[in-house]
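Subject: Structure for you to look at

Dear colleague,

I am passing on a structure that I would like you to open and turn around slowly while you read this email. My notes on what was found in it come after it, and I have tried to go step by step.

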Amino acid sequence: MKSPSVQLLLVLYLVSLAFVLGMGWPWPHDPDIWWHLKTGEWIAAHHAVPWTDPFGANTQGAQWIAYSWLAELMFHWIDQAQPMLGLHLLQGCIVAATVGILFFHAHARSGSFRSAMLLATLFLAPMTPWVARPQIFSFLFTALTMLILWWGRHRNARVLWFLPPLMVVWANIHVYFIVGIGLMALHFLEDWKRLPGQKFPHGVLLLLCLLAPLLNPYGVHLYEEVFLLAKHGSDGWAAGAIRELASPGFHDWPMKIFFLWVALGCAALMLSEKKPGMATLLLFIGLLYQALQHRRDIPYFVIVTMPIIADYLAHLPWQSWRDFFSQGQYAPWLRLSAPRALIHWLAALGVLAVILVPQHRMPNASDRFRAEHRRTEMAGAVEYLLRARPPGPLYHSLTWGGYFIYTLTPAYKIYLDGRTQLYSRRFWEAHDRVRLGRPDWEKKLDDSGARTVIWEKDDPLASLLRLSPRWTVAWSDEHAVIFLKRVP
């Protein structure tokens, strides 16, 4: 039996580190996970996908395409089987798989173990939102699509036929399947120019990949939703309301890692002896434009460009660089016996678990995680609402809309939540006037029909409501306060 090399151990360390970091990410602080869980529960209960919004007071009866229905159903089943712990495990597995695919792809393209290892480690910097939301599947499928396209061009063309079934799964899990279609289109267009004989099979493949997303419960309406979401994300008011739709900030330190990626990619493409093709340039510039427009698109830029950067870094003209990053021969001391290698790996896993995962997030018992399910800032307010049943409609902030969907429906319809495409510009402008306490805030609040307001205790709006003779405090704790409208 061949003894494992230190390089193999480093790969195991890298994947283990990715798993531990992904598992330790605090998803309960992401407000959207709650309405994803509730949607999965609704689908499981009705054995169908929703076509209209069942949760909102202002959007009741409005068309709603639950484009992540399969991921939401999966989240619900996992959370029912192992509350909290199951979703933490899912996070860790997807992060580890994504990092492993990216490392393998970068290593295969560059032939440099060191370069692939450094880039994969840099990818673990905390700029990617590794939370249990359907988008993490898109991160994984984007990395897998890039690997399949490269492998099909350079190693075995038959693997390209895995793309249509991948697109079927992806389209039922997350709306960013459109990223995969874009990658395929650029790849096949470049091959048509270089290899005229490949036009027919690639044309058939691209057509199948375009038709594959239609195998979902919404049919062609899914493509319509892609267009509507793209239009919604390009509206300036949406960027002001939703942080992930805003442009990255230069003063936010995780974003500095992103700008490092941009600088590294530009340097690799400009200085490399290997000249980038038109498809590579379009891919880099197009994804960079999207990343500079919206924070949520930064991970796709990094995932797609990482193996490309590794490839072009391997073709820099400096011999000393190539000598340092070339794979080279294994020295005798780089070999370990199998028992020693296993001890090294287990020791590293123990260190990672102790250092990187806080003790209160270590999954040691499902009972503890059931308790953590309820331990949020608004848990007390929810308990009061369900016990006292003050009259609706409710009025609350965007932050807690998802949690209220999870805990209050069907007893109450919520005012707004993270599904921002369901709400109009006029709705958001009115909400902003109330939230910011602008001169006509009380009129806008009356126009909403609200009779119960749940708000953060130290927010300025809470102070204004305390001063208003038309509202009275019904309940409060250290996090939230509930106001009831006085009856004339």
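What follows goes from the whole chain to three helices that meet one another, and then to some single residues.

Please keep in mind from the start that this is a predicted model. The protein chain contains 22 helices and four strands, and 50% of its 488 residues count as buried. If you take the contacts in the protein chain with a separation of 6 or more, 70% of them are accounted for by residues 24 or more positions apart.

Three helices in contact

A good place to begin is helix α4 (residues 85-110), whose axis comes within 8 Å of the axis of helix α5 (residues 113-123), the two crossing at roughly 150°. An angle over 145 degrees counts as roughly antiparallel, and α4 and α5 are therefore roughly antiparallel to each other. Their crossing is right-handed. On the α4 side the contact involves Thr98, Val99, Leu102, Phe103, Ala106 and His107, and these meet Phe113, Ala116, Met117, Ala120 and Phe123 of α5. Sorted by type, the residues of this contact between α4 and α5 are nine nonpolar and two polar, with no charged ones.

Helix α4 also meets helix α14 (residues 298-313), and here the axes come within 7 Å and cross at roughly 30°. Because angles under 35 degrees count as roughly parallel, α4 is described as roughly parallel to α14. This crossing of α4 and α14 is right-handed. From α4 the contact takes in Leu102, Phe103, His105, Ala106, Arg109 and Ser110, while α14 contributes Ile303, Met306, Pro307, Ile308, Ala310 and Asp311. The residues of the contact of α4 with α14 comprise eight nonpolar, two polar and two charged.

How do the remaining partners, α5 and α14, lie with respect to each other, roughly parallel or roughly antiparallel? Their axes come within 10 Å and cross at roughly 155°, which makes α5 roughly antiparallel to α14. The crossing of α5 past α14 is right-handed. Ser115, Ala116, Leu119, Ala120 and Phe123 of α5 make this contact with Val302, Ile303, Met306, Ile309, Ala310 and Leu313 of α14. In the contact of α5 with α14 there are 10 nonpolar residues, one polar residue and no charged residue.

Two buried residues

Next, please look for Thr452, which is placed in strand β2 (residues 452-456). Thr452 has a relative accessibility of 0% and so counts as buried. A polar atom of the Thr452 side chain lies 2.5 Å from the backbone oxygen of Pro391. If its neighbours within four places in sequence are left aside, Thr452 is in contact with Leu385, Pro390, Pro391, Pro393, Leu394, Tyr395, Trp471, Ile482, Phe483 and Leu484.

The second residue is His36, which lies in helix α2 and counts as buried because its relative accessibility is 5%. The side chains of His36 and Glu72 are joined by a polar contact of 2.8 Å. Again leaving aside neighbours within four places in sequence, the residues in contact with His36 are Glu72, Phe75, Arg133 and Pro134.

Backbone details

Before the last group, it helps to know that most residues other than glycine have a negative phi, and that most peptide bonds are trans. The bond that joins Gly392 and Pro393 is a cis peptide bond, with omega at about 0°, and Pro393, one of the residues in contact with Thr452, is placed in the loop between α18 (379-388) and β1 (394-395). Another cis peptide bond runs from Thr409 to Pro410, with omega near 10°, and Pro410 is found in the loop between α19 (401-408) and α20 (425-435).

Where does a residue other than glycine have a positive phi? One of them is His47, with phi near 55°, in the loop between α2 (32-46) and α3 (69-81). His47 counts as exposed because its relative accessible area is 73%. Arg389 also has a positive phi, near 50°, and is found in the loop between α18 and β1.

With best wishes,
A colleague

Definitions and conventions: Residues are numbered from 1 along each chain as its sequence is written. This is a predicted model: local features need pLDDT of at least 70, side-chain atom pairs count only at pLDDT 80 or more; totals for chains, interfaces and linings use all residues. Side-chain values use heavy atoms; hydrogens and water are left out. Axes are lines fitted to C-alpha atoms, for helices over the stretch in contact, and angles run from 0 to 180 degrees between N-to-C directions. Angles under 35 degrees count as roughly parallel, over 145 as roughly antiparallel, 65 to 115 as roughly perpendicular and the rest as oblique. A crossing is left-handed if the near helix is turned anticlockwise from the far one by less than a right angle, and right-handed if clockwise. Contact means heavy atoms within 4.5 Å. Ala, Val, Leu, Ile, Met, Phe, Trp, Tyr, Cys and Pro count as nonpolar, Asp, Glu, Lys and Arg as charged, and the others, Gly among them, as polar. Buried means under 20% relative accessible area, exposed over 50%, partly exposed in between (1.4 Å probe, protein chains only). A polar contact is a pair of N or O atoms within 3.5 Å; within protein, one must be able to donate a hydrogen and the other to accept it, and residues adjacent in sequence count only if both atoms are side-chain atoms.
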